[in-house]
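Here are a few exercises to work through with a structure viewer open. Try each task yourself before reading its solution.

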Amino acid sequence: MPLPQGAAPDTGALQARAALGRLRAEVGKVVVGQDAVVTGMVIALLARGHVLLEGVPGVAKTLLIRTIAAALDLDSKRVQFTPDLMPGDVTGSLIFDARSAEFQFRQGPVFTNLLLADEINRTPPKTQASLLEVMEERQVSVEGTPRTLPDPFLVAATQNPIEYEGTYPLPEAQLDRFLLKLTVPLPTRDEELGVLRAHHQGFDPRRLREAGVQAVATAADLVAGRAAVQRVAVADGVLAYIVDLCRATRVSPSLELGASPRGATALLAASKAWAWLTGRDYVTPDDVKALARPTLRHRVRLRAEAELEGVTSDAVLDSVLATVPTPR
């Protein structure tokens, strides 16, 4: 849907799109071969969502978050989730100040812009649940007093897909609060060779500025981008397509749990953000197809017999995408 005749383009939105477009190249200076993950992170920031990152250890998930934060001139913090981690270690707690004889609130690491919740499934449900209010309401309530988190705010939680001993799988209610589940792949041979060359030449992942990473976008660009994403048009046929895809997951014989209405709204938000990033002010069915897997794969649950047969969530979603009629 083009701009109405005589309408002037939004200069702020154009500048924001250009700045966020430069982000990929800036992150690529130190994180190799993760363009799709970086794009997913930007989509989540534009849609005010959170991201679940799944990948084996050593694929630069921590470095990825730190580099994105540096390129966006945002603050970032990392929490290593362990079995003995307490909710107050994440959100903050009240401590007694002997000098004032009063309780003072000590902020936890969630008071940041980009929070890396490393190996979130290694902490018990009580501590996992401490992030529910943080992710949904963007605030921390202690002793009945709400404390607002900075804006923008994004939780990037990681999971190891091959290690299950000593872990506590996230409940569906919490998985449903992640906008996207992104797979962080291993690099190709050439990409891995490039990583080794960089380290051989003295690259230190703890010193991003020395590696040449500069702030190429800001929180103001995200604000302008979010406003532009809200104006992206969606035809009734595309809205119906999103609903039909989600409803199809609920009757799939391979699934015991399909995508909820929150999944449909998440797919809409992600599709609008992706359409705007690619330079359009309207959503196409192809935008919906491109975001269906990362938006829905963690919102569906396979039947036990399907898992035994080697069926994956992505395979079920591929089948749904192939069978639900695409609007013209």
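The exercises below concern a predicted model, and each task is followed by a worked solution.

**Exercise 1. The surroundings of His50**

Task: Find where His50 sits, decide whether it is buried or exposed, and list the polar partners of its side chain.

Solution:
- Step 1. Start with the chain trace: His50 belongs to the loop between α2 (35-46) and β1 (51-54).
- Step 2. Check the accessibility. The relative accessible area of His50 is 1%. Buried means under 20%, so His50 is buried.
- Step 3. Look for polar atoms around the side chain. The backbone oxygen of Met135 is 2.9 Å from a polar atom of the His50 side chain. The backbone nitrogen of Val155 also lies 2.9 Å from a polar atom of that side chain.
- Step 4. Widen the search to contacts beyond four places in sequence. His50 then touches Met135, Arg138, Phe153, Leu154, Val155, Arg177, Phe178, Leu179 and Leu180.

**Exercise 2. The buried side of α6**

Task: Which residues of helix α6 (residues 130-137) are buried, and how are they arranged around the axis?

Solution:
- Step 1. The buried residues of α6 are Ser130, Leu131, Val134 and Met135.
- Step 2. These residues span an arc of only 105 degrees around the axis, so they lie on the same side of α6.
- Step 3. The general geometry helps here: an α-helix has 3.6 residues a turn, so residues three or four places apart point the same way.
- Step 4. Now see what this side meets. The buried residues of α6 pack against α4 (87-91), β5 (114-118), α5 (125-128), β6 (139-142), β8 (154-159) and α7 (172-175).
- Step 5. Finish at the end of the helix: just after α6, Arg138 has a positive phi of about 55 degrees. Arg138 is also one of the contacts of His50.

**Exercise 3. A helix crossing**

Task: Describe how helix α1 (residues 11-27) and helix α9 (residues 219-230) cross, and what kinds of residue make up their contact.

Solution:
- Step 1. The axes of α1 and α9 come within 8 Å and cross at roughly 115 degrees.
- Step 2. The crossing of α1 and α9 is left-handed.
- Step 3. On the α1 side, the residues are Gly12, Ala13, Gln15, Ala16, Ala19 and Leu20. They meet Asp221, Leu222, Ala224, Gly225 and Ala228 in α9.
- Step 4. Sorted by type, the residues of this contact are seven nonpolar, three polar and one charged.

**Exercise 4. Backbone features in loops**

Task: Where do Arg48 and Asp73 lie, and what are their phi values? Then inspect the peptide bond from Asp151 to Pro152.

Solution:
- Step 1. Arg48 is in the loop between α2 and β1, and its phi is near 55 degrees, a positive value in a residue other than glycine. Its relative accessibility is 40%, so Arg48 counts as partly exposed.
- Step 2. Asp73 is in the loop between α3 (61-71) and β2 (76-80), with a positive phi near 60 degrees. At 51% relative accessibility, Asp73 counts as exposed.
- Step 3. The bond from Asp151 to Pro152 is cis, with omega near 5 degrees. Pro152 lies in the loop between β7 (145-148) and β8.

**Exercise 5. A pair distant in sequence**

Task: How far apart are Ala173 and Arg299 in sequence and in space?

Solution:
- Step 1. Ala173 lies in helix α7 and, at 46% relative accessibility, is partly exposed.
- Step 2. Ala173 and Arg299 are 126 residues apart in sequence, and their C-alpha atoms are 9.1 Å apart in space.

Conventions. Residues numbered from 1 in each chain as written. Predicted model: local features only at pLDDT ≥ 70, side-chain atom pairs only at ≥ 80, totals over all residues. Heavy atoms only, no water. Helix = DSSP H or I, 4+ residues; strand = E, 2+ residues; numbered from the N terminus. Buried < 20%, exposed > 50% of the residue type's maximum accessible area, 1.4 Å probe, protein only. Polar contact = N/O pair within 3.5 Å; in protein donor to acceptor, adjacent residues only side chain to side chain. Contact = heavy atoms within 4.5 Å. Arc of directions from axis to C-beta. Axes fitted to C-alpha atoms, helices over the stretch in contact; angles between N-to-C directions. Left-handed = near helix turned anticlockwise from the far one by under 90°. Nonpolar A, V, L, I, M, F, W, Y, C, P; charged D, E, K, R; others polar.
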